[in-house]
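Thanks for coming. I will take a few minutes to walk through one model, from the overall layout down to single residues.

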Amino acid sequence: MGLDDFQHNFLTGNLENLVKWARRNSMWPATFGLACCAIEMMATGAAHYDLSRFGMEIFRASPRQADLMIVAGRVSQKMAPVLRQIYDQMAEPKWVLSMGVCASTGGMFNNYAIVQGVDQVVPVDVYAPGCPPGPETLIHAILTLHELVRTGEITRRRDATGAGAGVQAEPLTFAIGADR
């Protein structure tokens with residue numbers, strides 16, 4: 001019995017908003033760093049960019065404790081089944097963020113050994129463009145995902161298509177805190 005089975009009234013309306021708020025503000029990413037994008041992902045979790053202000057200070061090594069998979073870098077054909085197994089072990093609701101052009105489309109590695117887009121293996125919700133995308137772009141992609149979770153749009157899209165939301169975060173060209 002889910003929240004959809006209750007009559008929408010004052011109590012359940014607020015309960016639904018509370019659940020969305022909790023999901024958005026307590027995402028724990030499963031690290032899946034495969035190439036140079038992983039360096040930028042690590043920098044995002046460090047003190048200068050500080051993901052803890054978004055409730056994401058803990059990168060989980062166990063998929064059973066994570067609800068966000070950040071695929072950072074190119075995925076080889078040998079790694080694809082492992083990626084899928086980790087995704088299947090994650091608790092629901094779960095989200096996937098594709099970080100970098102190699103994870104999103106295979107990048108410059110157009111050959112038989114590299115998966116030409118991680119969306120062939122797992123449903124991707126948000127794409128972070130760049131080679132490699134900087135910490136600002138990753139934070140922007142995470143905030144885009146937070147907004148999709150807050151509005152409930154992401155769960156409606158998944159129910160309708162069975163795939164990820166497929167939203168592309170815009171690349172950022174400025175540094176956080178810098179004058180424009």
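**Loops, helices and a few local details**

Let me start in a loop: Pro-93 sits in the stretch between α3, residues 80-89, and β3, residues 95-99. Keep in mind that this is a predicted model. The bond to look at there is the one between Glu-92 and Pro-93, a cis peptide bond with omega at about -10 degrees. There is a cis peptide bond between Cys-131 and Pro-132 as well, with omega at about -20 degrees. Pro-132 belongs to the loop between β4 and α5. I point these out for the following reason: most residues other than glycine have a negative phi, and most peptide bonds are trans.

The phi part of that remark brings up Asp-50. Asp-50 is not a glycine, yet its phi is positive, about 55 degrees. You will find Asp-50 in the loop between α2 and β2, the latter being residues 68-72. As for accessibility, Asp-50 counts as partly exposed, with a relative value of 30%.

Now the overall layout. The protein has 6 helices and 5 strands. In sequence order the pattern reads α-β-α-β-α-β-α-β-α-α-β. The protein has 180 residues, and 43% of them count as buried. On contacts: take those in the protein with a separation of 6 or more, and 75% of them are between residues 24 or more positions apart.

Next, a helix pair. How do the axes of α2 and α5 cross? Helix α2 covers residues 37-45 and helix α5 covers residues 135-151; their axes come within 9 Å and cross at roughly 75 degrees. That crossing makes α2 roughly perpendicular to α5, because angles from 65 to 115 degrees are put in that class. On the α2 side the residues in the contact are Glu-40, Met-41, Ala-43 and Thr-44, and they meet Pro-135, Leu-138 and Ile-139 of α5. Sorted by class, this α2 and α5 contact has 5 nonpolar residues, 1 polar and 1 charged.

Staying on α5, there are two more residues to show. His-146 is in this helix. Is His-146 buried or exposed? Its relative accessible area is 4%, so His-146 is buried, the limit for that being under 20%. If we leave out neighbours within four places in sequence, His-146 is in contact with Arg-24, Met-27, Phe-54 and Met-56.

Thr-144 is the other one, again in α5. Thr-144 has a relative accessible area of 18% and is therefore buried. Which residues does Thr-144 touch, not counting those up to four places away in sequence? They are Val-167 and Ala-169. Thr-144 and Val-167 are 23 residues apart along the chain, and their C-alpha atoms are separated by 8.4 Å.

From α5 we go back to α3, where Arg-84 is found. Arg-84 counts as partly exposed, at 32% relative accessibility. Setting aside neighbours within four places in sequence, the contacts of Arg-84 are Val-121, Val-122 and Pro-123. For Val-122, the C-alpha separation from Arg-84 is 6.3 Å, with the two positions 38 residues apart along the chain.

Then the rings. How many aromatic pairs does the count come to? The count comes to 0 aromatic pairs. There are, however, charged groups placed over rings. Lys-94 lies over the face of Tyr-87, and the distance to the ring centre is 4.3 Å. For Phe-109, the group in question is the charged end of Arg-74, which sits over the ring at 4.8 Å from its centre.

Arg-74 also comes up with Met-108. These two residues are 34 apart in sequence, and the C-alpha to C-alpha distance is 9.8 Å. Met-108 is in the loop between α4, residues 101-105, and β4, residues 126-128. Met-108 is exposed, with a relative accessible area of 66%.

To recap the items I would look at again on screen: the cis bonds at Glu-92 to Pro-93 and Cys-131 to Pro-132, the positive phi at Asp-50, and the crossing of α2 and α5 at roughly 75 degrees. That is what I have; questions are welcome.

How values were computed. Residues numbered from 1 in each chain as written. Predicted model: local features only at pLDDT ≥ 70, side-chain atom pairs only at ≥ 80, totals over all residues. Heavy atoms only, no water. Axes fitted to C-alpha atoms, helices over the stretch in contact; angles between N-to-C directions. Helix = DSSP H or I, 4+ residues; strand = E, 2+ residues; numbered from the N terminus. Parallel < 35°, antiparallel > 145°, perpendicular 65-115°, else oblique. Contact = heavy atoms within 4.5 Å. Nonpolar A, V, L, I, M, F, W, Y, C, P; charged D, E, K, R; others polar. Buried < 20%, exposed > 50% of the residue type's maximum accessible area, 1.4 Å probe, protein only. Phe/Tyr/Trp six-rings, centres within 6.5 Å; stacked < 30°, edge-to-face > 60°. Lys NZ or Arg CZ within 6 Å of the ring centre and 35° of its normal.
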